[in-house]
Every structure is written in structure tokens, then in C-alpha cells.
Protein chains: 2
Amino acid sequence: MIAVAHYDPEKRFAAIVQKFRESRHKLTPQRLAVARVLATSEGHPGVDAIYDKLQDDFPTMSLATVYRNVMLIKSLGEVLELGFPEGGNRYDGNKPYPHPHLICMQCKKIIDPELASLKDLTREVMAASGFKIVTHRMDFFGICPDCQSR
Amino acid sequence: MIAVAHYDPEKRFAAIVQKFRESRHKLTPQRLAVARVLATSEGHPGVDAIYDKLQDDFPTMSLATVYRNVMLIKSLGEVLELGFPEGGNRYDGNKPYPHPHLICMQCKKIIDPELASLKDLTREVMAASGFKIVTHRMDFFGICPDCQSR
DNA sequence: GGCGTGGTGCAAACCGATCGCATTGGCGTT
DNA sequence: AACGCCAATGCGATCGGTTTGCACCACGCC
């Protein structure tokens, strides 16, 4: 398996909470719980996965609340949204900047491969096209080793 | 502007029609019209754009017919679908294999930059992860020269 | 040219995501 | 520590792009 660089979830959680404070948003238990899940972003969870994970602690929490808080954290720039046309967007609040993803088409797991920097490619595109590149998206779709052997 | 390699729309159209025949699908005027638009895929049209473009020739054609035929051509492997989480998927039937795209976030135009092959990256990912890579997606989002000067 | 079946047009259904609203509760103020 | 404002929550209703069901139509084998 590829080595995966990641940040300390505690530090990421603190950074997100800091953004809440700066933007004068209230620190509700539900909000903090969503932030905590995203700070780790184990497995690049979708809204459903976040919702399920918090069912034990917040049995009455609404799915709408998860949606709203994920969107809030996204608007604060503290989570990377991986949108998919078929729905079920996934989120990465541990590394909230664009990076490549490796997606298993069968079990839907998503991991972060370590790749030679895309900086060169981005620079190449900017120079050749005249575009001002704001962000990018790079996904590899395939079958993971686990699913291959199943 | 980046030079863009593309295929002869006539040849692409013939190839798609050939697939229709092989798969025993009827050659209706609406189906052929959709295939003809996709063979060129000027501007990477979405379903709406295809529908609009064919209004003059087929004023009574249903949007559902466009959807069904685009999906058919996709299932035949003759069009590349560029799905977006916010909807409005775009299609490329001229180069129906994965390749990078450069997308203007303002006017939504999509062009094909010429880049050093991604083969090396794909191979790197496969070797390092053990995944069997089936396809990929690589988009650069930015502001095109036209929109920058507006 | 006739027939069978797949294709079309229309409208209804679908469904994840979002919104409206009444209630709740975080947190600045006193 | 208690108050009170207004953002946040939970719930149900709603939305809009896409898909589906169905009756009618027409492509293409014979």
C-alpha cells in the first residue's frame, strides 16, 4: 500500500474550530462533532457516513444538519469536496487542498496516492493555455487489491 | 491557444453508426442527429446543448430522447462523459477516451489541452498501489483568457 | 408492402439535496 | 448567574435534473 501523508487530526480539528470562531459561528455540539469527523476524514466520508458515525452520540441529529455543517466547513476552506455526478459526494478535511485520489470502483474506498507533484502539470497548462488555473481534480478509477482478490 | 488534436467528425460519425448496426439498434433520424452532434462535440456539449442544437431540425423531439441516445452511445463506448456533481454533464464523442480537460469556471467552456502523456502517472499509480487502473479523470479549473479580459 | 419490435414523445415519478419554519440553545450582555 | 437575541437545529415539504411508464409510431427484416 502507498504511504499516505496526513495531518494530526487534533490540529486539523483545532484549525476548523478556529475558523468557526473567526467567522462568528456558534460552536454547537453537532457542529463540533461533524468537524471532528472531518478532521480525520478516515476513508473520505460522505454525508451519509458522517451521519451514521454520529448516530450513537446524536441519535436525533438531522441529515440536514450534517449537510449544512459540511457546507459551512467547505465555505471556510477547511474541507476538500470530492463531487461525483452520481451523488454521494465525499469529503477530505484532513488535507483540504487539491490532491490526486485513487478510487475503487467496487467498494468505493478512496485513498491518497503519493505522486510526483502536479505543480509542473499545472504550470504547463497555465503557460500553454493562458488560463489562470484556480484548482484541479485528478482521480484514478480502478479495482483495489482487496476487491481484486475477492 | 493550445493546439487541439481531434478526429474527422465524419469518421467519428461513421464509427458510431457502425456501433449502432453491430448492436442491432435502429437508425432513427433523431438517433443519427444526436450521433452527428457528438461526432464533432464542438465545445463538449451537454444534453441541453444537443437538444437546443437540434430544435431547428427536430422541433418535436423530446429531451428524453436525447438522454436515451446519449446514454446509448455512451454504453457503446463512443462518447466520453464528463460528469459534474452540480449536474449538466458534458460529452465528448470526438475523442471518446480519457484525457485532461481545461474548464473555464466562468463561461463553462471546456477545451482539451495538449499535455505530456498521463501514461507515466497511471503506471506509477498502478505500481505503487496495486490497483488495477481502469480509467481516470483530470480537470483543471480556471478562468480563460477571454473571461480574464472581460 | 406488411408485420413485429424497438424508438419516440409526453407526462408522471424519482430521489438526493436543499429549504422553510417553529423550536431550541449558544453565548454576549447585564 | 440569569436574560434575551438570533443563529442553529430537526422536521417535513420542496425542488429540479434525470429517468421511467405507457401508448403510439416507424425502422427494417421478410
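**Entry 1: the sheet.** I looked up the strands in this predicted model and found an open sheet of 6 strands, in the order 4(A)-3(A)-5(A)-5(B)-3(B)-4(B), with mixed pairing. Strand 4 (110–111) of chain A and strand 4 (110–111) of chain B are the edge strands, and each pairs on one side only. I note the terms: strands (E, at least two residues) and helices (H or I, at least four) are DSSP runs numbered from the N terminus, and two strands pair if DSSP finds at least two bridges between them.

I then took one pair. In chain B, strand 3 (residues 101–104) runs parallel to strand 5 (residues 132–143) over 4 bridges. His101(B) has Asp139(B) of strand 5 as its bridge partner.

**Entry 2: conventions.** Residues are numbered from 1 along each chain as its sequence is written, and chains are lettered from A in the order in which they are written. Local features need pLDDT of at least 70, side-chain atom pairs count only at pLDDT 80 or more, and totals for chains, interfaces and linings use all residues, while side-chain values use heavy atoms, without hydrogens and water.

**Entry 3: the two copies.** How does chain B lie on chain A? A turn of 180° and a shift of 0.0 Å along the axis lay chain B on chain A with an RMSD of 0.1 Å (least squares on C-alpha atoms of residues with pLDDT of at least 70 in both). That is the relation of a two-fold axis. The same surface serves both copies: 100% of the contact residues of chain B recur in chain A (contact means heavy atoms within 4.5 Å).
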